[in-house]
Amino acid sequence: SGSSDPYCLVKVDNEVVARTATVWKSLNPFWGEEITLCLPRGFRSLAIYVLDEDTIGQDDVIGKVSLSRQQISAEPRGVDSWLSLAPVNPDQEVQGEVRLELRVPEQGHPRVLRCHLIEARDLAPRDPSGTSDPFARVSCCGHTLETAVIKKTRFPRWDEVLEFELPEGELGEAVLSVEVWDWDIVGKNDFLGWVEIPLDTVSMNATKGWFQLLPFPSTTEERGGQLGALRVAVRLVEDTVLPPHHYQPFIQLLTEPILCPGQPPEGTALAVLEEVTSGESRQDAATKLVQIFLGQGLAVPLLDYLTTRELARTTDPNTLFRSNSLASKSMEQFLKVVGLPYLHEVLKPVVNRIFEEKKYVELDPGKMELSRGRRISFKGSLSEAQVRESSLEVLKGYLGDIVDAIVGSVDKCPLPIRVAFKQLRRRAEERFPLDQHEEVRYFSISGFLFLRFFAPAVLTPKLFRLREQHAEPRTGRTLLLLAK
């Protein structure tokens, strides 16, 4: 069809840890999914694979983006850019480790290197059964030996000692190479990884341990950009979490202006936090603040404090809560945390129906597919006016159901949200008491409830967990028009 059905797999050290939804029939997919992973301290790399989902047969791999731990750690604010997709070569897709013990005698004639090949673990599956038939090929100083084949396992144990006669004199640049292969009865064997150990690093007593298997050095040129590019934002945060009592002084400092409102507001920790945060850090700060104050049972007083401060700074009511201030971000985060079950109860029935019915809706004459009408009309294609009229009827029907569901859900709305909005309305009336500002009490609330809560959920249900998958293009267009 000239398009793909792309989705992403996220791998950490070659282990799949997350999958995005599939975006149907698109060469320019938008996922917008945020994934938080708790990683082991010793992780080495993060890779994101882009695949094309096929209903019949195996999914096609389009390409991948790989980031080492060092690359991510080098950017304190994180990596945020377009990265070209690299081709995926099966010989480069290795994983696992091999356990070795090496001994090189200092003297003796001849000198013999003893390589005790003990076992391997977590090898890549190369057979349809999800396992492999691994054997090891060990090379040193022009000689090559092989172990036995261990059938149907990704955790083979060979426990074999292979001996190599070393040349006289200095070892120089001599290396021991261990390759691990999957044995196949038909066709060529599949590569599973290799490790190379310089002999001058092997101690006289013994060098032993687990060694990470690596891909063969690539000999093919990178086809940068030919496979497309992936926009990713990756940030590594290393936190040390202490027992709860260590945080009590800090929590007291944050909650002080809420619990003791008499002090000058400018010197409080919350006021300072608002001044020093901006952009993405403000979103992080708001998320953490809401979590802390919810834990203390003080989330609603926090929102009252922050929105009152923003009201005091606002002179034009038309700009109220339009910026991404700490108050706006905190209210938005509060609604997501406290109101998500409520949102599901209100919107899910209508959103599910929109996905199931897949009705064609378009109001823009430049985007209308008028020829579609030939399949449903005996009089030829539909006119712009007919498509517009039928689209309006469909949209009005859906929108009426959404509005009715919202208006009829007052009793289901969580009490903390109702209290927070009641306080916000009162503060807005106190700040703008004149008759010409009567509408401020309403749009101060609707700016949050509709623009930052209901409308985004209608636009992208996947991000609010209303659906498991993103909408295909036709349904996505209907959702966009409804959100507008």
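Me: How many bridges link strand S8 and strand S11, and in which sense do they pair?
Reply: In this predicted model, S8 (residues 134–140) and S11 (residues 175–182) are joined by seven bridges, and the pairing is antiparallel.

Me: Nice. Which residue in S11 is the bridge partner of Val138?
Reply: Val138 is matched with Val178 in S11. Another pair to look for is Pro134, whose bridge partner in S11 is Asp182.

Me: Is S11 mostly covered or mostly open?
Reply: Mostly covered: of the eight residues in S11, seven are buried.

Me: And how many bridges does S11 make with S12?
Reply: Eight bridges connect S11 and S12, again in the antiparallel sense. One example is Trp181, whose bridge partner in S12 is Phe191.

Me: What's the strand order in that whole sheet?
Reply: The order is S9-S8-S11-S12, four strands in an open sheet with antiparallel pairing. S9 (143–146) and S12 (190–198) each have a single partner strand, so these two stand at the edges with one side lacking a neighbour in the sheet. From one strand to the next, the twist averages 15°.

Me: Quick basics check: what holds strands of a sheet together?
Reply: In general, strands of a sheet pair through backbone hydrogen bonds, and the arrangement can be parallel or antiparallel.

Me: OK, over to the sheet with S1 in it. What's the order there?
Reply: That one runs S2-S1-S3-S4, an open sheet of four strands with antiparallel pairing. Its edges are S2 (15–19) and S4 (60–68); each has a single partner strand, so one side of each has no neighbour in the sheet. Ignoring direction, neighbouring strands here are turned by 25° against each other on average.

Me: How many bridges do S1 and S2 share?
Reply: S1 (residues 6–12) pairs with S2 over four bridges, in the antiparallel sense. If you want a spot to click on, Leu9 stands opposite Arg19 in S2.

Me: Lys64 caught my eye. Where is Lys64 found, and is Lys64 buried or exposed?
Reply: Lys64 belongs to strand S4. Lys64 counts as buried because its relative accessibility is 14%, and the cut-off for buried is under 20%.

Me: What is Lys64 in contact with?
Reply: Setting aside neighbours within four places in sequence, Lys64 is in contact with Ile48, Tyr49, Ser84, Leu85, Ala86, Val88 and Glu93.

Me: And Val23, where is that found?
Reply: Val23 lies in the loop between S2 and strand S3 (45–52). With 9% relative accessibility, Val23 counts as buried too.

Me: What is in contact with Val23, leaving aside its neighbours within four places?
Reply: The list is Ser4, Asp5, Pro6, Pro29, Phe30, Trp31 and His470.

Me: How far apart are Val23 and Thr147?
Reply: They are 124 residues apart in sequence, and their C-alpha atoms are 46 Å apart in space.

Me: Which residues does the UniProt annotation "domain: C2" cover?
Reply: The unreviewed UniProt entry gives residues 1–83 and 94–214 for "domain: C2". Over residues 1–83, the chain is 6% helix and 41% strand, with 26 Å between the end C-alpha atoms.

Me: Switching to helices. At what angle do H5 and H8 pack?
Reply: H5 (residues 299–313) and H8 (residues 415–431) pack at about 25°, and their axes are 10 Å apart. The two are therefore roughly parallel to each other, and their crossing is right-handed.

Me: Which residues make that contact?
Reply: On the H5 side they include Val300, Leu303 and Leu311, and on the H8 side they include Pro416, Val419 and Leu424.

Me: What about H8 and H9, what angle there?
Reply: About 140°, with the axes 8 Å apart. That angle makes H8 oblique to H9. The crossing of H8 and H9 is right-handed. Among the residues in contact are Phe421 and Leu424 of H8, along with Tyr442 and Phe448 of H9.

Me: Last one: which residues of H10 are buried, and what covers them?
Reply: In H10 (residues 473–483), the buried residues are Thr475, Arg477, Thr478, Leu479, Leu481 and Leu482. Their cover includes H6 (326–357), H7 (384–407) and H9 (440–459).

Notes:
Residues numbered from 1 in each chain as written. Predicted model: local features only at pLDDT ≥ 70, side-chain atom pairs only at ≥ 80, totals over all residues. Heavy atoms only, no water. Pairing = 2+ DSSP bridges. Axes fitted to C-alpha atoms, helices over the stretch in contact; angles between N-to-C directions. Buried < 20%, exposed > 50% of the residue type's maximum accessible area, 1.4 Å probe, protein only. Contact = heavy atoms within 4.5 Å. UniProt positions renumbered as here; feature names shortened; annotations may be inferred. Parallel < 35°, antiparallel > 145°, perpendicular 65-115°, else oblique. Left-handed = near helix turned anticlockwise from the far one by under 90°.
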